Amino acid sequence: MAAPRANVDAALALIGRSDFPAAVELLEPLCREAPHDPRPWFLLGASHHALGRLHAALKAFDAALALAPGHLEAGQASVAVLCQLGHPRAALERCEQLLALAPNDPGIHFNTALAHAAAGELDAALVRYDATLALDERMRDARLNRGTVLLRLGRYATALENNRALVAAFPGDAEARFNLAEACLAQSLYDEALAQCDHGLTLAPQAPDIHFDRGLALAALGAIDEAEAAFAAARRLDPPRFAARERSVQRGQPEPIDARAIYLARGFEALDSCDWTDRERYLRRFAVWMGEDGGRPLDASAFVWRGAASGMTPGLQRTLAVQASTSIARAATPFPPVDPARSGGRIRIGYVSADFRAHAVGWLTEDLYARHDRSRFAAYAYALTAGDGSRVRDRIAAAVDVFRDVSGDSPGAIAAQIRADAVDVLVDLTGYTLDARPQVFAMRPAPINVAYLGYPGTSGAPFIDYAIVDRVAAPPPAERHFTEHLVYLPDTLWCYGRPTLHPGERPSRGSLGLPRSGFVFAALHNGYKIRPEIFACWMALLTRVEDSVLWVLARREEVRGNLRREATRCGVDPERLVFAPPAPREVHLARQSAADLFLDTPDYSGGATCLDALWTGLPVLACPSGSYAGRQSASALAALGLEDLIATGRDDYLERATRLATDPGALADARTRLGLARDAAPLFDMAARARELEAAFGAMAERWRAGLPPAPMAIRRAGAGARILDRGAGPDDRRGEFVK
């Protein structure tokens, strides 16, 4: 028996007025009286759904579908409910059934996209949104959701295009304006993002998400007070939603959102894109805000590495590191001190790193671990990041005595494991770089903590005892910029993985976009290392050397446009800049042969970058600054006996580069000497480096066992011994105690 038409119409009227409780009260007896009519079951499901009663809604929709399997509205409504209940696979099964019934129904394609998105299948969701719009290009929700999916997939340029089209089609839609603002923020188009937020707020002044995005845009533009006001408005309008978005921006960290921190983070992104329009204000604010006492201190640990990478003075770098480490130490609960009587047998070295993977630190150290003398040392590795399936990860794991993936563990759990492993010397290979866990070292699970290689500067930490350096990267006057006791290796601090080269696989210049003739200056650096001053020097070099080009790495697309613009400002044809895309390491090593001379940067010099060039036989010209970060390549060149490739200043750098580019004999001589030094000089002698590090670790352990405090020391070549130095004495100072 069919339900009376009047009753069905009355239920529809109640639903139309959003009086869902009254509709349920009317429809439930109607379904009992006419159990074989799908119409009241569907309306009952819709009413329960509107009231958030998902299980009751699904039961009613299922009843309607049992009576009328072709009821498309009930089928699509049940898909939505299943997604909300967290059952996307079941929803997708229903979608396939519905598509078989109505393959050209845009609503079914839309709901299928929703189900794929709920299942985390974003690529499949995008295909269905595209199918929806092919059938109905005006479907607003399909284009809206398509933009969201594109952002989640990281396809920012396409998302921007989509969301601009959405706003063009629906200019009075506040949600469309918000989505466009999101895409603009992802593309660092902060002025456009702000304009979209302002327009959106005229349409929906109480929308908390738009206020929040407005705060992000204002903060990125440096309007700190206005940004804080926008965040306050978002918090006031919807505290739970604000808290969720704050956690997202802060990546789960407990610190409250701070417009200054956003500005500094976005400012560094600009530097990494070689956008120098706001550089002076950024550097000035960085120095002022990070140097503030009291008030609202920023989380310094997030900015220590950026300070070094931005070219801050060594003094400010130390200040930042001390601020960060003091906060970390204050929050840590150290383990009880280790009794030296525990020690005996082999010294256990624990290497802690986020970069046991396809990363510079992994490539630099991969040849070290297997070289340890297993009669005296045991090597443990603690990986702070999950495996990436790389060859270098596998090589390191096979080379150590114990390899532990602790990427999913808390700092406390990692420290407890290290204590249980009875590690004697704990080596930090990450410092303040990405995915670091300095809290582990602050808990003191091992008696000796050492900083090495991963971060080019001081930890500033009272819980780091030693820093391993060399006399070129950290000459004696630099000691005041370190809080650690310095341990000087005899020739260089560098390790290197000594990758196998395949000369037969060298690409041609033409395949790399380089001219077949003429001089190629390589500057394959991350964008943040390039400063306006050194770029101007490079442009002067191109002016001096006819038919030369500058070969630059472009990890970000914006680098191309920004440096081409700067070249034009310097009076140089931007076509003389050739941009290299990021490449797998084997490809990157092979393409070095296309260059004639590698130009290093002064304030944050190349580490692995320059070692790779030197290993492949490409001469490197260094221009070291006064900071540890700025003297890394100089250390490598000195260890090769190529001091003539270390300039004494920018003018000298320009003159030496000009001579090498215009005097074929001078360049050929540099290449010949590099080729001979590669095998004969100390830089790439990893057997010696392993012995030198072992001598350092052994001397540290002996002092601890004897109840003596940490002390600076100089290591003899090939690990023949260690000399304990007076504080302030350099590695060549003859004072101090010699320890075999």
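**Exercise 1.** Determine where Ala-422 lies in this predicted model and what is notable about the phi of this residue.

*Solution.* Step one is to place the residue: Ala-422 belongs to the loop that runs between α22 (411-420) and β4 (425-428). Step two is to read the backbone angle: the phi of Ala-422 is near 55°, a positive value in a residue other than glycine.

**Exercise 2.** Establish whether Asp-421 is buried or exposed, and identify the residues with which Asp-421 is in contact.

*Solution.* Asp-421 is also found in the loop between α22 and β4. The relative accessibility of Asp-421 is 6%; buried means under 20%, and Asp-421 therefore counts as buried. Once neighbours within four places in sequence are set aside, the contacts of Asp-421 are Arg-348, Tyr-380, Tyr-382 and Arg-404. With Arg-404, the side chain of Asp-421 forms a polar contact of 2.9 Å.

**Exercise 3.** Locate Ala-718 and classify its exposure.

*Solution.* Ala-718 sits in the loop between β13 (713-715) and β14 (722-724). Its phi is positive, about 60°, although Ala-718 is not a glycine. With a relative accessible area of 41%, Ala-718 is partly exposed.

**Exercise 4.** Describe how helices α11 and α13 are arranged and which residues make their contact.

*Solution.* The axes of α11 (residues 174-186) and α13 (residues 208-221) come within 10 Å and cross at roughly 30°. Angles under 35 degrees count as roughly parallel, so α11 and α13 are roughly parallel to each other. Their crossing is left-handed. From α11, the contact involves Ala-174, Phe-178, Ala-181, Glu-182 and Leu-185; from α13, Asp-209, Ile-210, Asp-213, Leu-216 and Ala-217. Sorted by class, this contact has seven nonpolar, no polar and three charged residues.

Terms used: Residues numbered from 1 in each chain as written. Predicted model: local features only at pLDDT ≥ 70, side-chain atom pairs only at ≥ 80, totals over all residues. Heavy atoms only, no water. Helix = DSSP H or I, 4+ residues; strand = E, 2+ residues; numbered from the N terminus. Buried < 20%, exposed > 50% of the residue type's maximum accessible area, 1.4 Å probe, protein only. Polar contact = N/O pair within 3.5 Å; in protein donor to acceptor, adjacent residues only side chain to side chain. Contact = heavy atoms within 4.5 Å. Axes fitted to C-alpha atoms, helices over the stretch in contact; angles between N-to-C directions. Parallel < 35°, antiparallel > 145°, perpendicular 65-115°, else oblique. Left-handed = near helix turned anticlockwise from the far one by under 90°. Nonpolar A, V, L, I, M, F, W, Y, C, P; charged D, E, K, R; others polar.
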